[in-house]
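Student: I should like to learn how to read a helix and a sheet in a model of this kind. May we go through one example together?

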Amino acid sequence: MYAFSETNIGLSRNENQDRVRTAVLCDDVAFAVICDGMGGENAGSEASERAINVIYDRVTKVFRRDYDDNSIKNLLISAVTTANAVVYDLAWGNDAKRGMGTTCVLALRVGNRLHVVSVGDSRAYLIEEDIKQITKDHTVVMRMYEKGEISKEELKKHPQRNYITKAVGVESTVSPDYYEMDVSDSSVVVLCSDGLSNYCDESGIYNAVKEKLPECVPESLINAALEGGGKDNITVALLG
């Protein structure tokens, strides 16, 4: 098992509000989490920093190798809901930070079993013989697409594509999406903030995973996003 990550401020932001943490917990267990903060001044950075620390600490300290699927699900979801409470309380205790929040995507691979949790528009992809987006974006345009109001092509270019409908810390409670699935020994999981997915298409992600050494993939993808415009913070994590 391996876990690699990289983050970059991008070409037009004043600060990097993305956060990423990874860990190999034992020979066949790897973990990664990305949070992409939102909010004025330093609020987005504080939201993502607080959230990722809560999630990382809870998962890495509580997880046991003998956990079954249901125990893992409960652990991952409780980590995110705890982070939500921490960020929400912090925001509502300070007028300047009111409304701050963060996206969150995390993946725990236990042997050939993969568990993913997401809130917002940070994504998880599974690369095997092809590339598949595991998570669903919690965005205004995704709702419009599901209602048939816009096409798949319009989804990618719509001016409201970055308006998210769900985030950690914005409301008093949050209901994360949860996914679990079997994966093969050669499967690779890519987590990313929208700074990658908005500036590097799926074929670019797939090719980087297939052509580069695992430890080189995050930097390679960040460079691709920078070449594609790179107007946001860019963060990538790789599990295999």
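Tutor: Please keep in mind that this is a predicted model. We may begin just after helix α7, where Gly229 takes a positive phi of about 140 degrees.

Student: Which residues of helix α7 are buried?

Tutor: Burial here stands for under 20% relative accessible area. In α7, which spans residues 217-227, the buried residues are Val217, Pro218, Leu221, Ile222 and Ala225. They lie on the same side of α7, because the arc they cover around the axis is only 130 degrees.

Student: What covers the buried residues of α7?

Tutor: The cover includes three strands and two helices: β1 (3-8), β10 (188-192) and β11 (234-239), together with α5 (194-197) and α6 (202-211).

Student: How should the sheet be read, and what is the order of its strands?

Tutor: In general, strands of a sheet pair through backbone hydrogen bonds, in either a parallel or an antiparallel manner. In this model, five strands form an open sheet in the order β1-β11-β10-β7-β8, and the pairing is antiparallel. β1 and β8 (131-133) are the edge strands; each has a single partner, so one side of each lacks a neighbour in the sheet. On average, neighbouring strands of this sheet are turned by 20 degrees against each other, direction ignored.

Student: How many bridges join β7 and β8?

Tutor: β7, residues 123-127, pairs with β8 over three bridges in the antiparallel sense. Leu126 stands opposite Lys132 of β8.

Student: Which strands does α6 lie across?

Tutor: Helix α6 lies across β7, β8, β10 and β11, and runs at about 55 degrees to β7.

Terms used:
Residues numbered from 1 in each chain as written. Predicted model: local features only at pLDDT ≥ 70, side-chain atom pairs only at ≥ 80, totals over all residues. Heavy atoms only, no water. Buried < 20%, exposed > 50% of the residue type's maximum accessible area, 1.4 Å probe, protein only. Helix = DSSP H or I, 4+ residues; strand = E, 2+ residues; numbered from the N terminus. Arc of directions from axis to C-beta. Contact = heavy atoms within 4.5 Å. Pairing = 2+ DSSP bridges. Axes fitted to C-alpha atoms, helices over the stretch in contact; angles between N-to-C directions.
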